[in-house]
Each structure stands twice: as C-alpha cells, then as structure tokens.
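Welcome, and thanks for opening the viewer. Please load the model, switch to a cartoon view and keep the selection tool at hand.

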Amino acid sequence: MNLLELTSAVCAGSLLAGFLGALTGLGGGVVLIPMLTLGFGVDIRYAIGASLISVIATSSGAAAAYVKDGLSNIRVGMFLEIATTFGALLGAHLAAVLSANLIAVIFGVVLIFSAYLSQRPRRHDQSQTPPDRIATWLKLNGSYPGPEQSVRYNVYHVPQGFSLMFIAGTLSGLLGIGSGAVKVLAMDQAMRLPFKVSTTTSNFMIGVTAAASAGVYLQRGYLEPGLAMPVMLGVLAGSLLGARVLVYAQTRWLRLLFSAIVLALAVQMIIKGIGGRF
C-alpha cells in the first residue's frame with residue numbers, strides 16, 4: 001500500500017469513526033484509536049495525538065452552533081474547564097510515562113464503561129429541591145430555549161461535578177478521546193443539568209480540554225501531520241454526516257450496534273494490551 005492509498009484508507013476509516021461517534025454522542029475517538037492501532041499498526045501515542053486534533057476540530061464546529069442557539073451553559077462550561085484542563089495536562093504527562101500496553105488496557109476499560117453509559121436511561125424530570133448555595137453563588141443556574149418559552153433550571157452538587165470533570169480531563173489527555181460520556185455523567189447525573197444542556201455544554205468543553213493535552217503531545221513529538229490531517233478531515237466529515245442522519249435514524253438500534261462494535265474493540269485492546277502486543 002503506497003502513501004496515497006494509506007492516506008485514503010485512514011481518511012475513509014476516520015469518516016466512518018466520526019459518523020458512528022456522532023450517532024451515539026461518544027465521539028469518533030472511541031473507534032478511531034482502535035482502528036489506527038489494531039488496523040493500521042500505528043503507535044498508540046501517535047493515534048492519540050491525531051485523535052486529539054480531530055476532537056478539537058469537531059468540537060469547534062458544533063460548539064459554535066450550540067452556543068448561538070443558547071443551549072450551552074457557558075458559565076458552567078468555563079468553570080468546569082478549570083478541572084478538565086488540569087486533568088488533561090496530567091493525563092498527557094501520564095501518557096509519556098505509562099507503557100503503551102497499559103494505556104491500551106485502560107482504553108479498553110474506558111470503552112466498556114462508555115458503552116454502558118450510552119445505554120443507560122436518561123432522567124428527564126428536573127428536581128424541585130431548593131437551589132444549591134455554591135451554584136447560586138457562582139451564578140451557574142441558567143435556562144435554555146423551550147418549545148414556547150425559556151426553561152429555567154438549577155445546578156446542584158458542584159464539588160462532585162468538578163471532581164468528575166478532573167477525571168474526565170485526565171482520561172481525555174491520557175487516551176485522546178473527548179470523554180464526553182464522563183462529562184455528561186457529571187453534568188446530567190451529578191449536577192442535575194437537563195440532558196440537552198449537558199450534552200451541548202460537554203461539546204463546548206471537549207475542544208478546550210483536547211487543546212490543553214494536544215500541546216503536550218506536540219511538545220513531545222507525538223503529533224504527526226501526515227496522520228493527523230486525514231484523520232481530522234475524515235472525522236469532521238463523518239461527524240457532520242452523522243449529525244444529519246441522526247435526525248431521521250432509529251437511534252436505538254444504531255446505539256445497540258455501535259455499543260456491540262465498541263465492546264468488541266475494547267476486548268481486543270485489553271487482550272492485546274495484556275499480551276504485550278502494543
């Protein structure tokens with residue numbers, strides 16, 4: 001396979017990864033990194049570096065639309081970015097210390113956890129308990145556009161959400177994924193934000209978190225332009241296509257299919273990581 005054929009194959013695979021990631025909300029990285037390491041034999045640290053660039057590109061495109069529509073909670077996002085940024089820097093430095101096999105095993109475990117979270121039923125009702133004092137002091141409570149009028153909501157359990165965001169940032173820097181599943185878990189389950197606000201605010205934050213860790217990967221020489229460029233273009237095109245199909249698709253079956261694919265990839269990553277084949 002010559003360079004042109006290899007680049008085309010990576011771009012096509014990245015398009016598929018971005019497409020599947022957009023349909024489930026998990027992002028393309030959960031498929032992209034196993035594809036690059038297991039399918040193309042790319043070193044996992046270079047695969048993570050390329051994935052981080054694609055995360056920045058896709059997040060930047062979608063986040064602008066969500067912010068314009070008033071769905072993202074900017075104050076919550078910027079506050080929690082403090083935790084995710086420090087976590088991402090820690091994760092990126094850990095990636096240089098830990099062995100590739102251990103990173104692969106951790107990646108596989110996180111994939112299984114993300115697949116499980118994507119299948120959990122969501123809570124749609126808003127709590128009627130009094131506003132949280134910390135959230136009120138930080139002015140984190142907000143509203144989003146509803147069918148007829150703005151829907152107001154309160155934010156709860158700020159310290160728990162902040163702690164989970166630090167973990168999400170560490171995983172993002174270590175594994176090159178957006179960690180959207182953990183971020184949504186923190187905001188949707190712990191901080192009780194409406195699910196729509198959680199997902200859009202998570203998307204707003206993912207790019208900033210990835211940019212923090214991408215700087216460390218760039219400094220250490222793990223960003224290869226020849227790999228990052230086709231990956232970024234493929235994932236970006238795939239995620240845009242997936243977002244359009246998502247409106248019409250029967251997502252339940254797609255999510256089940258995607259979860260099965262993710263589980264299969266996770267098992268392979270864990271087995272090969274334990275076997276020392278990375």
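This tour goes from the whole chain to a few helices and then to single residues.

**The whole chain**

Please keep in mind throughout that this is a predicted model. Begin with everything selected and colour by secondary structure: the protein chain has eleven helices and two strands. Following the cartoon from the N terminus, you will pass the elements in the order α-α-α-α-α-α-β-β-α-α-α-α-α.

Now switch on a surface. The accessible surface of the protein chain is about 13000 Å², and carbon and sulfur atoms account for 66% of it. Of the 278 residues, 48% count as buried. If you draw contacts, take those between residues at least 6 apart in sequence: 80% of them join residues at least 24 apart.

**Helix H2**

Hide the surface and select residues 29-39, which form helix H2. How many of the eleven residues of H2 are buried? Nine of them are, so H2 is largely enclosed by the rest of the structure. To see them, show Gly29, Val30, Val31, Leu32, Ile33, Pro34, Met35, Leu36 and Thr37, the buried residues of H2. Then step on to Gly41, which follows H2 and has a positive phi, near 70 degrees.

**H4 against H9**

Next, select helix H4 (residues 74-97) together with helix H9 (residues 195-219). Their axes come within 8 Å and cross at roughly 30 degrees. Angles under 35 degrees count as roughly parallel, and that makes H4 roughly parallel to H9. Turn the pair until one helix lies in front of the other, and you will be looking at a right-handed crossing of H4 and H9. Colour the contact of H4 with H9 by residue class to find 14 nonpolar, seven polar and one charged residues.

Stay with H4 and pick Gly77, which has its place in this helix. Is Gly77 buried or exposed? Gly77 is buried, because its relative accessible area is 0%. Leaving aside neighbours within four places in sequence, Gly77 is in contact with Thr201, Phe204 and Met205. Add Ser202 and draw a C-alpha to C-alpha distance from Gly77: the two are 7.3 Å apart in space, although 125 residues apart in sequence.

**Bringing in H7**

Keep H9 on screen and add helix H7 (residues 158-175). The axes of H7 and H9 come within 9 Å and cross at roughly 50 degrees, and that makes H7 oblique to H9. H7 passes H9 in a right-handed crossing. On the H7 side, show Met165, Gly169, Ser172, Gly173 and Leu174; on the H9 side, show Met205, Thr209, Ser213 and Tyr217. These residues of the contact of H7 with H9 divide into four nonpolar, five polar and no charged.

Now swap H9 for H4 to view the remaining pairing of these helices. H4 and H7 pack at an angle of about 35 degrees, with their axes 6 Å apart. The crossing of H4 and H7 is right-handed. By class, the residues of the contact of H4 with H7 are 15 nonpolar, seven polar and no charged.

**Ser213**

Return to H9 and centre the view on Ser213, which lies in that helix. Ser213 is buried, with a relative accessible area of 0%. Which residues is Ser213 in contact with, leaving aside its neighbours within four places in sequence? Select Leu52, Ala88, Ala92, Ser172 and Gly173 to see them around Ser213. Ala88 and Ala92 fall within H4 (residues 74-97), while Ser172 and Gly173 belong to the H7 side of the contact with H9.

**Two loop residues**

Finish in the loops. Select His157, in the loop between strand E2 (150-153) and H7. Its phi is near 50 degrees, a positive value in a residue other than glycine. His157 counts as partly exposed, at 30% relative accessibility.

For the last stop, move to the loop between helix H8 (180-190) and H9, where you will find Arg192. Phi of Arg192 is near 60 degrees, again positive in a residue other than glycine. Arg192 is partly exposed, with a relative accessible area of 25%.

Technical notes. Residues numbered from 1 in each chain as written. Predicted model: local features only at pLDDT ≥ 70, side-chain atom pairs only at ≥ 80, totals over all residues. Heavy atoms only, no water. Axes fitted to C-alpha atoms, helices over the stretch in contact; angles between N-to-C directions. Helix = DSSP H or I, 4+ residues; strand = E, 2+ residues; numbered from the N terminus. Parallel < 35°, antiparallel > 145°, perpendicular 65-115°, else oblique. Left-handed = near helix turned anticlockwise from the far one by under 90°. Nonpolar A, V, L, I, M, F, W, Y, C, P; charged D, E, K, R; others polar. Buried < 20%, exposed > 50% of the residue type's maximum accessible area, 1.4 Å probe, protein only. Contact = heavy atoms within 4.5 Å. Areas by Shrake-Rupley, 256 points an atom, 1.4 Å probe, with all protein chains shown as cover.
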